Amino acid sequence: MNVILLGAPGAGKGTQAIRLAAKYSLPHISTGDIFRANIKGETPIGKVAKSYIDKGQLVPDEVTVQIVKERLAQDDCKVGYLLDGFPRTVSQAEALAEFSKVDAVINIDVPLTKLLRRITGRRLCGKCGASYHIDTLSGKTECSKCGGELIQRADDNEATVANRLEVYEKQTAPLVEYYENAGVLITVDGDADIEKVFTDIVAKLG
Ligand code: AP5
Ligand code: MG
Ligand code: ZN
């Protein structure tokens, strides 16, 4: 099963992808995570990606498409995949269609007004990557899974988030219609608790 998770920054793509990957035994492929790993490793791709991510802009399609194409060619994707954060432009979707057939696109729908708080309140474990939100951390600064220190993503500040949301509206939102026309779109209400959103996705995926 080849599945795409579509949604604005902070909609819950990563949160749901981890749960879906475990339930369906599919590899979770997040282009954002791939870029952040490259930035950490100071690779040439990381250097290019950082210059865009820091501004809340999209990394150029030619860089991103090539990364995904190579990743989907790996053995673990023979059973399918869960793509998180790709495609994000119509041209990326058209490129993907040339090397892979998409079975379902889950559009996690959250009102724009809620997204800023979700993103600026997000905290991540610097050691294991687990994701939290300050609203449910009750002041804790350590990861409950591994004890690692909780950190904030570099692009989760208010100014960059404003750009990311604008970029989403202009460049990514048109994909909703694109995949609706392709007959593979599944929309879920993402403005509900995490478990409810998950149950809804599973029910609609069948
Ligand atoms: P990426 O890493 O993909 O970031 P994003 O799309 O901005 O999305 P986020 O990861 O911020 O949000 P999410 O939907 O995963 O939400 P999460 O589950 O964490 O991309 C980063 C950058 O890389 C881009 O800006 C771009 O520069 C570049 N890039 C990546 N892909 C690219 C591509 N294809 N082309 C070009 N450039 C690309 O949840 C957020 C918070 O909300 C968490 O704190 C979570 O705990 C909480 N939360 C989640 N669900 C719920 C819920 N139901 N109720 C309450 N809180 C919730
Ligand atoms: Mg994410
Ligand atoms: Zn941890």
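Here a colleague puts questions to a modeller about a predicted model with bound ligands.

Colleague: Let's start with ligand 1. Which helix gives the most residues to the shell around ligand 1?

Modeller: Several elements pitch in with at least two residues each: helix H1 (13-24), helix H2 (31-40), strand S6 (131-133) and helix H10 (194-205). Of the 34 residues around the ligand, Thr15, Thr31, Gln57, Arg88 and Arg122 come nearest. The element that gives the most, with 4 residues, is H2.

Colleague: How do the shell residues divide into nonpolar, polar and charged?

Modeller: Start from the whole shell, which has 34 residues around ligand 1. Sorted by character, the shell holds 12 nonpolar, 13 polar and 9 charged.

Colleague: How much of ligand 1 does the protein cover?

Modeller: Look at a few polar contacts before the cover. An oxygen atom of ligand 1 is 2.9 Å from a polar backbone atom of Gly14, and a nitrogen atom of the ligand is 2.9 Å from a polar backbone atom of Gly85. A polar side-chain atom of Gln92 also lies 2.9 Å from a nitrogen atom of ligand 1. Of the 1000 Å² of accessible area that ligand 1 has on its own, the protein covers 92%.

Colleague: Is Gly85 buried or exposed?

Modeller: Gly85 sits in the loop between strand S3 (81-84) and helix H5 (90-99). In space, its C-alpha is 5.9 Å from that of Ser30, although the two are 55 residues apart in sequence. The cut-off for buried is under 20% relative accessible area. Gly85 has 8%, so the word is buried.

Colleague: What about Arg122, buried or exposed?

Modeller: Arg122 is found in strand S5. Its C-alpha is separated by 4.5 Å from that of His133, 11 residues away along the chain. With a relative accessible area of 16%, Arg122 is buried.

Colleague: On to the metal. Why is the arrangement around the zinc ion (ligand 3) called tetrahedral or something else?

Modeller: The zinc ion is coordinated by the SG atoms of Cys125, Cys128, Cys143 and Cys146, at 2.3 to 2.4 Å. For four donors, tetrahedral needs all angles between 85 and 135 degrees. Here the 4 donor atoms subtend angles of 97 to 116 degrees, so the arrangement is tetrahedral.

Colleague: Which spacing do the zinc donors follow, and how far apart in the chain are Cys125 and Cys146?

Modeller: Along the chain, the donors of the zinc ion (ligand 3) follow C-x2-C-x14-C-x2-C. The pair links distant parts of the chain, with Cys125 in strand S5 (residues 122-125) and Cys146 in the loop between helix H7 (134-137) and strand S7 (150-151). Their separation is 21 residues.

Colleague: Which word fits Cys146: buried, partly exposed or exposed?

Modeller: Compare it with Cys125, which is buried at 4% relative accessible area. Cys146 has a value of 32%, so it is partly exposed.

Colleague: Now some backbone oddities. Which peptide bond is cis?

Modeller: Most peptide bonds are trans. Here one has omega near -5 degrees, and its second residue, Pro87, lies in the loop between S3 and H5. The cis bond runs from Phe86 to Pro87.

Colleague: What is phi of Ser138?

Modeller: Most residues other than glycine have a negative phi. Ser25, in the loop between H1 and strand S2 (28-30), has a positive one near 50 degrees. Ser138 lies in the loop between H7 and S7 and counts as exposed at 69% relative accessibility. Its phi is positive too, near 35 degrees.

How values were computed. Residues are numbered from 1 along each chain as its sequence is written. Chains are lettered from A and ligands numbered from 1 in the order in which they are written. This is a predicted model: local features need pLDDT of at least 70, side-chain atom pairs count only at pLDDT 80 or more; totals for chains, interfaces and linings use all residues. Side-chain values use heavy atoms; hydrogens and water are left out. A residue is near a molecule or strand if one of its heavy atoms lies within 4 Å of it. A polar contact is a pair of N or O atoms within 3.5 Å; within protein, one must be able to donate a hydrogen and the other to accept it, and residues adjacent in sequence count only if both atoms are side-chain atoms. Accessible areas come from the Shrake-Rupley method with a 1.4 Å probe; for residues, only the protein chains shown count as cover. Ala, Val, Leu, Ile, Met, Phe, Trp, Tyr, Cys and Pro count as nonpolar, Asp, Glu, Lys and Arg as charged, and the others, Gly among them, as polar. Donors are N, O and S atoms within 2.8 Å of the metal (3.2 Å for Na, K and Ca); water is not among the atoms, so sites may look incomplete. Four donors count as tetrahedral if all angles lie between 85 and 135 degrees; four count as square planar and six as octahedral if opposite donors are over 155 degrees apart and all others between 65 and 115; anything else is irregular. Buried means under 20% relative accessible area, exposed over 50%, partly exposed in between (1.4 Å probe, protein chains only).
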